Amino acid sequence: MLLDSFLDHAIEVDIDVICDGEDVVIGGIMQHIEQAGIHSGDSACSLPPYSLPDDVLDEMRVQVVAMAKKLNVIGLMNTQLAYQDDEIYIIEVNPRASRTVPFVSKAISAPLANIAARVMAGKSLKELNFTKEIIPKHFSVKEAVFPFNKFLGVDPILGPEMRSTGEVMGIGDDFATAFDKAQLAAGSRAPSSGKVFVSLRKLDRDDLVDLGKRLAKQGFSLVATRSNREALVEAGLECEMVNKVSEGSPHIVDMIKNDDIDLIINSTEDTQGVEDAAAIRCQALVHKVPFTTTVAAAFAMLDGLNTHEEITVRTVQSLNN
């Protein structure tokens with residue numbers, strides 16, 4: 001029997017390093033956009049981290065370097081960490097290359113796999129002139145690509161099991177621009193306005209009003225289930241009420257089928273909520289309505305909306321020159 005447990009509302013971080021037995025160089029530190037609990041292969045991530053404080057990142061660097069030396073790693077090592085309430089947790093350590101290596105290599109313009117292979121063949125990091133972490137001035141965002149549009153009727157909810165079949169990369173001068181480009185490349189770019197359905201689980205309710213205000217400021221009309229609507233109206237926001245699926249028609253799935261919803265932000269927790277949300281997500285796929293199941297991704301999406309008209313293209317080779 002395998003028992004899984006995870007931290008709610010924790011920030012997950014991936015760190016790739018190369019160790020030659022004496023020296024350790026960090027290839028890249030990636031902050032996940034979805035909270036810990038979503039498989040790292042399914043979560044979008046940003047390099048460099050977009051919100052973690054410098055002192056936390058420095059402590060993570062210290063811990064990862066110490067682990068690489070203690071484990072006698074020769075070559076690449078990937079570490080997944082979580083940060084919550086001023087505590088750093090180790091999720092797992094893999095003394096091998098991770099799927100993040102190609103992404104990091106492009107983001108920092110350094111061939112990590114090539115360098116690691118030479119280290120494993122006996123070269124030192126000093127001999128290869130790779131002795132210092134490269135922190136790019138630009139932001140790179142990796143986004144997962146999912147096959148759900150090929151399997152209509154399958155619930156696209158994300159969790160600890162990996163479901164993505166590919167990934168794309170967006171690059172920009174700031175996090176918002178890079179995130180928006182990644183969404184565009186993944187085919188899941190959100191509209192700039194319209195009618196948005198918002199329904200958050202109790203654990204996420206502290207963010208509900210702030211999220212509602214930002215959506216309204218962006219130009220969205222709000223639609224929510226009863227308890228979510230009450231909180232939004234109490235905060236002075238206009239919001240249309242709609243039934244949950246379990247409360248009977250007319251409900252939110254009816255609105256999606258009638259093409260009355262342009263964007264969905266829906267996080268769930270209890271059994272009935274998960275069943276209702278499954279119907280919502282499946283219909284969203286059928287009617288090609290963008291959706292997110294985490295609050296963190298919703299806020300990142302709103303950051304990216306402000307850059308819709310500012311897309312620029314550059315070569316990878318020019319990034320770190």
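Start by selecting Asp174 and Ala176: Asp174 caps the N-terminal end of helix α4, with a side-chain oxygen 3.4 Å from the backbone nitrogen of Ala176. (A polar contact is a pair of N or O atoms within 3.5 Å, one able to donate a hydrogen and the other to accept it; residues adjacent in sequence count only if both atoms are side-chain atoms.) You are looking at a predicted model, in which local features need pLDDT (confidence per residue, from 0 to 100) of at least 70, side-chain atom pairs need 80 or more, and totals for chains, interfaces and linings use all residues. Residues are numbered from 1 along each chain, and side-chain values use heavy atoms, without hydrogens or water.

Next, select residues 175-186, which make up α4. (Helices are DSSP runs of H or I with at least four residues, strands runs of E with at least two.) Of its 12 residues, 9 are buried (under 20% relative accessible area; exposed is over 50%, partly exposed in between, with a 1.4 Å probe and protein chains only). Now show β3, β6, β7 and α9: the buried residues of α4 pack against them.

Then display Tyr50 and Phe175, a stacked aromatic pair at 4.0 Å centre to centre and 5° between the planes. (Rings of Phe, Tyr and Trp, the last by its six-membered ring, pair with centres within 6.5 Å; planes under 30 degrees apart are stacked, over 60 edge-to-face, the rest tilted.) Tyr50 sits in the loop between β3 and α1, 125 residues from Phe175.

Add Phe179: it forms a tilted pair with Phe175, at 5.9 Å and 35°.

Finish at Gly187, just after α4, where phi is positive at about 75°.

Note on methods:
The expected span of a helix is 1.5 Å times one less than its number of residues. Contact means heavy atoms within 4.5 Å.
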